[in-house]
Structure formats: structure tokens, C-alpha cells
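Visitor: Got a minute to walk me through this one? I'd like to know how it is put together.

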Amino acid sequence: MAYNIIFYFSDQQRWDTCGCFGQPLNITPNLDELAAEGVKFDNAFSPQPVCGPCRALFQTGKYPTETGCFRNNLMLPSQIKTLGEYMEKDAGYETAYIGKWHLASDGELEKKPTIDHTITAVPLELRGGYTGYWRAADVLEFTSHGYDGYVFDENNNRIDFKGYRADCINQFALDYLDQYTGEKPFFMTVSQIEPHHQNDHNHYEGPDGSKQRFANFVLPEDLKALGGNAAEEYPDYLGQCASLDENLGRLVAKLKEKGLYDNTVILYASDHGSHFKTRNRDAHLNGYDDYKRSCHDGCLHVPLVICGGPFKGGREVTELVSTESIPKTLLALAGVEVGDRMIGENLLDVVEKKNDNRANEVFAQISESRCGRCIRTADYMYSVYAPGVNGGEAAASDVYADDFLYDMKKDPWQLNNVVADPAYAVVKAELRERLLNWIERAEGARPTITD
């Protein structure tokens, strides 16, 4: 029988919250166990560190500038074939979608949408092709807090929940497995909102007692050096991450109880990380920011672990990969080869080192805080921005200018911007050319980049 597939993803989780990626505290023992059994990707990066655009990419396998979903508060286009449609129609899977959707409302940024499903049921035609089990809210942080809230089911009925939100969202996944009949393989997405901050409280809301439980936290070096609000918020943030992991463990236990684990592939990732208000303080900010929306590793570097099926053996991938490859990888696991209809690569090919000429680099599009682009290699991070262009209004620009360049070997926490240093002129010129080539391929136009 075909593999069952679970895509379990968090919201705003840095890679370094996980033990398998270096977290010193015991935050993620269940994910660490999956990593030891499956494959962990040490250098996985988000292609767009904003909730809506990244989710649009996860559902379409296309860049946000192609779908038009380049910022939050933009609806997923109906004419693009989605991951859910491929799974149901091409692969013959039963689907379940649980948690945050964030693709069914449309309007201006940071204003009430003109088409507004943020706190009401998402109609069937706006669910991206998912016709099965549905326990979701379009903007989950608007229908819930750290404790208590509501989602909607496939029949548009409101379902209230009581308790810590991550536990309740996960319980919907357990409920699905309890009613699963096994007639078809299943593809289940669990889209948790933790460890995202609670918008209306401007605070990371861990389970009660998180501040005491994680009082001995160790701040990552970028957060320690740059200030921001991490010193206050990090214990709750870690509490949220620990809760996610506890729920991941409950899900694995349920799969084993049902005899499903051995034939199920679990992909764990996050849409983007968090810089804890340490970045985007410069004069280039032309739009909105709080915790992401930047070409820094704090925003782009995310956890990625795949366990099950061909992803086995406790393998470690050190090459740079982009989470833009998740849709193509999930479909390949389901037996659907989409070729150039989706961006990215089948991550199994990276694990098995099938491409000797593979470029070890990733790219990202930035919106809302600015209109920006960047290239990340093993040795450098180079980023550009569009002068005078509001990142919440324009998807792209004809002209970009240097924003920053970091030497990752000398400066792994990206604290010393050398973009204007003459010693890096040759490196910058090479990275600029590679970035321009990528923009031209991805967006269909070649802009100009100035110093």
C-alpha cells in the first residue's frame, strides 16, 4: 500500500529550538528521536518568511510572486492546481487538514479584509482542494489564544476547544486517526500556530509554568548580541516548542497504537523562524515587521526532519535545502511526479546525492518589511532591497540595492555587515550575478542591483 503521509508544521520556529539542531535544553525529544530514525536536514531555509506567502507556496509549489500571494491577507488563486488536489485526484489519497490555513481572506495589509474569513468558516471552494476532514481556522490566532478557541469542520460547524491550543489542535489529528478506516492512504496536514506570538497580546504564550520550567534558557548568540525582546519571551517560546514536541510524540504513539506507524512518513518543518525584534531596525525598513520578514538566518533557518518510507537510517544532510521543495517531495512520496510544474526538488534526491552538479545555495523573497531578495550559500549571505518600495504594496522591483553581506565562516551569527567592505568586492559581484540569474528564472525579469 502507498505510504500514509503527515505534514506537521509549526509557525515561527527557529531551527535552534530543537535538540537535533543544537538546542542544549531537552525541548524536542520526540523530534530528536524521529531525526535519529529518519533524516535531518541541518541547513533548511524558508523561501519566504511570512505566514501567508509561505503557506501559499506549500500548497502550490510556486513562488509567491507567481501566485500573487506575496504578502499576508491575499487569497490563494483558484486556478492553480494545489497540493490537496494532486493528493486527492492524482494520487487517490484521503485528506485531512487541521489548524491554521491563512489563505482564504483578501484585502489590504494590516487592515480588515474585503473578503473576510479570518474568524468565520472557510467555504469548501476556498480550502485549496481539500475535501476531506477539516478542522481549521483561516487565521487561528484570531479565533484562539494560547488557551481556548475555536475552529470549523468540513460542514462549516464551529468547534470550540478548551485547553492549551497546541494540545487541542493535535487532538483533532488524533481524532482523525481514530475514525480512519484505511480504505485509502491518507495525507494529513497538522498546521500548528505555535510558537507564533499571540498578535493581540504581543506575547509568546507558552503553557502555564513555562517561565519557571525554562528559566535556565541559553539565548542563541544573535539574540544575545542584538537585544530585542528574547530575554523576556524566550522561556515561553521554548514552552511552546516543547508543547509541539509533546504533541508530536502523542501523534506517533497513536500511529503505533493503530498499526499505522511503519507505513507512514512524517515530515516536520516550520514556515519560518523569529528574530525577536532584533532585525529590520535600519533605514531600509519600508513596511511592516515584528519577528520575521528578513534575510537573516534567525528568520530563514528552520527545522526540517523527515522520517519514514525511504527517509530512514538516521542520516544527516548538511547541504543547504529550501523548504520550497516540500510540496514536490510530498507528492513524490505519494507517487506523483510533477516535474517543472512545481519549483524545488525531491529532497530524497538530495539525501541520495543523485545530482553531482547540484548548487549548494538557496534563495528567498522578502515582503512586508521591504521588497527584498537574497542568496544564501554555505559561506555567505547576500541580500538586496528595493529603495523606496513598500514591501506590503509591491511584489517585486526593477531596481534593488545592496542590503547586507555576511561572511558565514567568520561571522556565523550575522553580526558584521561587510557589504561595503572592498575586501569582499569580488565575492559580492559573484553573489550578485547568481542572485540576478535566480530572480530572472523565478520571476521572469532581470532587475538592476546597485551598490
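Guide: Let's start with the whole chain and then go through some helices and single residues.

Visitor: Fine. Anything I should know about the model before we start?

Guide: This is a predicted model, so local features need pLDDT of at least 70, side-chain atom pairs count only at pLDDT 80 or more, and totals for chains, interfaces and linings use all residues. Residues are numbered from 1 along each chain as its sequence is written, and side-chain values use heavy atoms, with hydrogens and water left out.

Visitor: How many helices and strands does the protein chain have?

Guide: The protein chain has 13 helices and 16 strands. Those are DSSP runs, numbered from the N terminus: helices are H or I with at least four residues, strands are E with at least two.

Visitor: And what are the spans along the principal axes?

Guide: The C-alpha trace spans about 65 × 50 × 50 Å. The radius of gyration is 21 Å, which agrees with the value near 22 Å for a compact globule of 451 residues. That radius is taken over C-alpha atoms, and the globule rule is 2.2 Å times the number of residues to the power 0.38.

Visitor: What share of the residues count as buried?

Guide: 63% of the 451 residues. Buried means under 20% relative accessible area, exposed over 50%, and partly exposed in between, with a 1.4 Å probe and protein chains only. The accessible surface comes to about 16300 Å², and 47% of that belongs to carbon and sulfur atoms. Those areas come from the Shrake-Rupley method with a 1.4 Å probe; for residues, only the protein chains shown count as cover.

Visitor: What about contacts in the protein chain, how many join residues at least 24 apart?

Guide: 71%, among contacts between residues at least 6 apart in sequence. Contact means heavy atoms within 4.5 Å.

Visitor: Okay, helices. Which residues of α11 are buried?

Guide: I326, P327, K328, T329, L330, L331, A332 and L333. That is 8 of the 8 residues in α11, which runs over residues 326-333. After α11 comes G335, with a positive phi near 90°.

Visitor: And α4, how many of its residues are buried?

Guide: In α4 (residues 83-90), 6 of 8 are buried: L83, G84, E85, Y86, M87 and E88. They pack against β1 (4-10), α2 (51-60), β3 (94-100), β7 (186-191) and α11. G92 follows α4 and has a positive phi, near 75°.

Visitor: So α4 and α11 meet. At what angle do their axes cross?

Guide: Roughly 10°, and the axes come within 11 Å. α4 and α11 are therefore roughly parallel. Angles under 35 degrees count as roughly parallel, over 145 as roughly antiparallel, 65 to 115 as roughly perpendicular and the rest as oblique. The axes are lines fitted to C-alpha atoms, for helices over the stretch in contact, and angles run from 0 to 180 degrees between N-to-C directions.

Visitor: Which residues meet there?

Guide: L83, Y86 and M87 from α4 meet P327, L330 and L331 from α11. By class, that contact has 6 nonpolar, no polar and no charged residues. Ala, Val, Leu, Ile, Met, Phe, Trp, Tyr, Cys and Pro count as nonpolar, Asp, Glu, Lys and Arg as charged, and the others, Gly among them, as polar.

Visitor: Switching to α9: how does α6 pack with it, at what angle?

Guide: About 10°, with the axes of α6 (residues 165-179) and α9 10 Å apart. That makes α6 roughly parallel to α9. Residues in this contact include A166, L174 and L177 of α6, and L244, L248 and L251 of α9. By class, the contact has 8 nonpolar, 3 polar and 4 charged residues.

Visitor: And α1 with α9, what's the crossing angle?

Guide: Roughly 55°, with the axes of α1 (residues 29-37) and α9 (residues 230-257) coming within 7 Å. α1 and α9 are therefore oblique to each other. P29, N30, L31 and L34 of α1 meet D245, E246, L248, G249 and V252 of α9.

Visitor: Last topic: T323. Where is it?

Guide: T323 lies in the loop between β11 (315-322) and α11. T323 is buried, with a relative accessible area of 0%. Not counting residues up to four places away in sequence, T323 touches F45, S46, P47, L57, F58 and V302.
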